[in-house]
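Thanks for coming. I will put the structure up and then walk through a few parts of it.

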Amino acid sequence: MEKQEFFEISEQVFANNHISEFWQGEKRDVLFDLCNIMLEQNKVMNLSAIRDESGVICRHFADSLTVAKHIPSGAKVLDVGSGGGMPALPLAVARPDLHITALDATAKKTAYIASAAQKLGLSNISTICGRAEELGNDVKYREKFDVVCARAVAELRILAEWCVPFAKKDGLFIAMKGKNGVAELDSAANAVKTLLISLEKDDSFNLFDISAQNEADAARHIFVFRKKAPTPSKYPRTNAQIQKKPL
C-alpha cells in the first residue's frame with residue numbers, strides 16, 4: 001500500500017474511533033513504518049493472522065490505541081502477553097510520555113519488539129522475556145508498575161492473576177476485551193475480590209473497522225481496575241494451578 005493511501009485510511013479509522021489526537025505529525029510516518037515492519041516480519045514468523053495494511057490499521061493500531069486515554073501521563077506501563085507488540089508498540093509511538101515494558105514468554109517475539117523499536121527510534125519501550133506467573137513473584141517486577149495492561153491474552157479471571165501482582169498499590173490493571181467481555185467480567189467476580197482490585201470503568205464501544213463483516217465482532221470493553229491493596233503473597237500461583245482452578 002502506498003503511503004498516501006495508508007494515511008487516508010488511517011485518518012478515517014482514527015477519526016471514527018475518536019483517537020485522531022494520535023494521528024498527527026511524525027507519528028503518522030512512524031506508524032506507516034511500523035506497519036511495513038510488522039507485515040514483512042509476519043512473512044517469516046507468526047506475529048498475527050492479520051496480513052494486510054487495512055487490517056493492521058483497524059484491528060491492531062486503532063484497537064490498541066483505544067486504551068491510551070485510560071493511561072495516566074508519564075506512567076510506567078507493563079504490557080502482558082505483548083505478542084507482536086500490541087498494544088506496546090503503537091502506545092510507544094502515540095504516547096512518548098509513557099515508559100512501556102513489553103512482556104512475552106516467546107523470545108522471538110520480544111526480540112522482534114526490541115528490533116522494531118530500535119528501527120523506529122523508540123526509546124520509551126523495553127522488553128522482558130518470561131512467564132507472567134513467575135515474574136509476578138520476582139521482587140524486581142512485583143508491584144513496580146503504574147499500569148498493567150493486556151489485550152487478547154486470556155480469560156479475565158486468569159488474566160487478572162497474571163497481571164495484578166505487577167501493579168503498584170493504587171495502580172491500574174486494564175483488560176482489553178471483545179464481545180465476551182461482560183460474561184468474563186461476571187465470572188471474574190471472585191478473582192476481583194481475591195486480588196483486592198475494584199472496577200473503576202467499563203469503557204464499552206464498537207470498534208470502527210472498515211473490513212468488519214459482523215457487528216458483534218466489533219464489540220469492545222476496556223475494563224479499568226484500581227488496585228486497592230498489595231496483592232496477597234500467595235498470588236500468582238503456578239500456571240498449572242491457575243489454569244486448573246481459576247479464581
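I will start with one lysine. A polar atom of the Lys227 side chain lies 2.7 Å from the backbone oxygen of Ala167. That side chain also reaches the backbone oxygen of Val164, at 2.9 Å. For a polar contact, the cut-off is a pair of N or O atoms within 3.5 Å; within protein, one must be able to donate a hydrogen and the other to accept it, and residues adjacent in sequence count only if both atoms are side-chain atoms.

Before I go on, a word on what this is. This is a predicted model, in which local features need pLDDT of at least 70 and side-chain atom pairs count only at pLDDT 80 or more, while totals for chains, interfaces and linings use all residues. Residues are numbered from 1 along each chain as its sequence is written, and side-chain values use heavy atoms, with hydrogens and water left out.

Is Lys227 buried or exposed? Lys227 is buried, because its relative accessible area is 2%; buried means under 20%, exposed over 50%, and partly exposed in between, with a 1.4 Å probe and protein chains only. Lys227 belongs to strand E7, residues 219–227. Helices (H or I, at least four residues) and strands (E, at least two) are DSSP runs, numbered from the N terminus. Leaving aside neighbours within four places in sequence, Lys227 has contacts (heavy atoms within 4.5 Å) that include Glu143, Pro165, Asp170 and Leu196.

Glu143, one of those contacts, sits in the loop between helix H6 (132–135) and E4. Glu143 has a positive phi of about 55° although it is not a glycine. Its relative accessibility is 24%, so Glu143 counts as partly exposed.

Next, the sheet. The sheet is open and has seven strands in the order E3-E2-E1-E4-E5-E7-E6, with mixed pairing; two strands pair if DSSP finds at least two bridges between them. Strand E3 (125–129) and strand E6 (197–206) are the edges, each pairing on one side only. From one strand to the next, the twist averages 20°.

At one end of that order, strand E2 (residues 99–104) pairs with E3 in the parallel sense over five bridges. Ala102 stands opposite Thr127 in E3. Helix H5 (residues 107–120) packs on the sheet and touches E2 and E3, its direction making about 170° with that of E3. For such values, axes are lines fitted to C-alpha atoms, for helices over the stretch in contact, and angles run from 0 to 180 degrees between N-to-C directions. Ala102 is buried, because its relative accessibility is 0%. Among the residues it touches, not counting those up to four places away in sequence, are Asp79, Thr110, Ile113 and Ile128.

In the middle of the order is E4, with six of its seven residues buried. E4 pairs in the parallel sense with E1 over three bridges and with E5 over six. Val148 in E4 stands opposite Leu78, and its bridge partner in E5 is Phe173.

Now the helices. Helix H3 (residues 53–65) is mostly covered, with twelve of its 13 residues buried. What do those buried residues of H3 pack against? Their partners are H1, H2, helix H4 (88–94), E4, E5 and E7. At the N-terminal end of H3, Asp52 acts as a cap: a side-chain oxygen lies 3.3 Å from the backbone nitrogen of Ser54.

Helix H1 (residues 3–16) packs with helix H2 (residues 26–41) at an angle of about 110°, the axes being 11 Å apart. That makes H1 roughly perpendicular to H2; the classes are under 35 degrees for roughly parallel, over 145 for roughly antiparallel, 65 to 115 for roughly perpendicular, and oblique for the rest. Residues that meet there include Phe6, Phe7 and Phe14 in H1, and Leu31, Phe32 and Cys35 in H2.

His18 lies in the loop between H1 and H2. His18 has a positive phi of about 60° although it is not a glycine. His18 is exposed, because its relative accessible area is 69%.

Last, two prolines. The peptide bond from Met86 to Pro87 is cis, with omega near 10°, and Pro87 is in the loop between E1 and H4. The bond from Tyr235 to Pro236 is also cis, with omega near 0°. Pro236 is in the loop between E7 and helix H10 (239–244).
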